[in-house]
Amino acid sequence: MADQGVNSGRRRFLTATTVVVGGAGAAVAAVPFLKTLKPSARAEVAGAPVTEDISKLGVGQRLVVQWRGQPIWIIRRTPEMLASLPTVDGRLRDPKSDNVDQQPEYARNEYRSIKPELLVLVGICTHLGCSPTFRPEMMPEPFDADWKGGFYCPCHNSRFDLAGRVFEGVPAPSNLAVPPYHFIDDNHIQIGVDPEGAA
Ligand code: FES
């Protein structure tokens, strides 16, 4: 019985060794690939939070960062952009962000953001996954004569306002998603982590 215990223990050891060696081989194979990536890219591969300096993001401009393989848009909205939001409420499918899957609770407000001026969105159309274009100017557009600025998806003509809220009568079923994020300080934002204490 004791021998059997030794043998089965040895089998277990061999099995464990094989698994570990296999794992080590995979790890060795991955190292050259990871070594070629910058630190921020390595973090992205791992799905880790991404920290971004937004000090140079001008008013009215958009910054695009990558998080978990997705484009994340950070936009510093102008006072005029913020003032335009309520004017399109009546043309939207979900103006009050009632679909709770599309944003964290702390972004479920009229601006869909923590700070009114700073909008953070996943830049992927909720129809079939194209990346909409940024059309911030308030001017008549071929796709909307009363355009107040927002995002236009050229794949199948979906439109979103400057809070990522979807218009009625387009194929996209829901508002653009807001990822988890928080501010480390006035100049740094971290994507992928909720604010401390957020529900
Ligand atoms: S993927 Fe954007 S409208 Fe179809």
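User: Two strands pair if DSSP finds at least two bridges between them. On that basis, in what sense do β6 and β7 pair, and over how many bridges?

Analyst: This is a predicted model. In it, β6 and strand β7 (residues 158-161) pair in the antiparallel sense, and four bridges are found between them, against the cut-off of at least two. One opposed pair is G150 and D161, the latter in β7.

User: What about the turn of that hairpin: how many residues lie between the strands, and which one takes a positive phi?

Analyst: Four residues lie between β6 and β7 in the hairpin. Among them, N157 takes a positive phi near 65 degrees.

User: And which strands form the open sheet that has β6 in it, in what order?

Analyst: The order is β5-β6-β7, an open sheet of three strands with antiparallel pairing. β5 and β7 are the edge strands, each pairing on one side only. From one strand to the next, the twist averages 25 degrees.

User: How many bridges for β5 and β6?

Analyst: Strand β5 (residues 133-135) pairs with β6 over three bridges, in the antiparallel sense. F134 has F151 of β6 as its bridge partner, and R135 stands opposite G150 in β6. G150 therefore appears in two opposed pairs, with R135 and with D161.

User: Changing topic. What is the order of the open sheet with β2 in it?

Analyst: That open sheet has three strands in the order β2-β3-β4, with antiparallel pairing. β2 (62-67) and β4 stand at the edges, and each has a single partner strand, so one side of each lacks a neighbour in the sheet. On average, neighbouring strands are turned by 20 degrees against each other, direction ignored.

User: How many bridges join β2 to β3?

Analyst: Six bridges join these antiparallel strands. In one of the pairs, V65 has I72 in β3 as its bridge partner.

User: Where does R68 lie, and is it buried, exposed or partly exposed?

Analyst: R68 lies in the loop between β2 and β3. R68 counts as partly exposed because 16 C-beta neighbours lie inside 10 Å, while a buried residue needs 20 or more. Although not a glycine, R68 has a positive phi of about 55 degrees.

User: And S97, what is its phi near?

Analyst: The phi of S97 is near 55 degrees, a positive value in a residue other than glycine. S97 is placed in the loop between α3 (79-84) and β4. With 21 other C-beta atoms within 10 Å, S97 is buried.

User: Now the largest nonpolar core. How many residues does it have, and which touch the most other members?

Analyst: The largest nonpolar core has 28 residues, of which I72, V120, L121 and I191 touch the most other members. At least two residues of this core come from each of β3 (70-76), β4 (118-122), β6 (150-153) and β9 (188-191). β4 supplies the largest share, four residues.

User: Following up on I191: leaving aside neighbours within four places in sequence, which residues is I191 in contact with?

Analyst: Apart from those sequence neighbours, I191 is in contact with P49, V50, E52, V65, W67, I72, P179 and Y181. That list includes V65 and I72, the bridge partners mentioned for β2 and β3.

Notes. Residues are numbered from 1 along each chain as its sequence is written. This is a predicted model: local features need pLDDT of at least 70, side-chain atom pairs count only at pLDDT 80 or more; totals for chains, interfaces and linings use all residues. A nonpolar core is a set of buried Ala, Val, Leu, Ile, Met, Phe, Trp, Tyr and Cys residues joined through C-beta atoms within 7 Å. A residue is buried if 20 or more other C-beta atoms lie within 10 Å of its own, exposed if 12 or fewer, and partly exposed in between; C-beta atoms are placed from the backbone. Two residues are in contact if their C-beta atoms, placed from the backbone, lie within 7 Å. Axes are lines fitted to C-alpha atoms, for helices over the stretch in contact, and angles run from 0 to 180 degrees between N-to-C directions.
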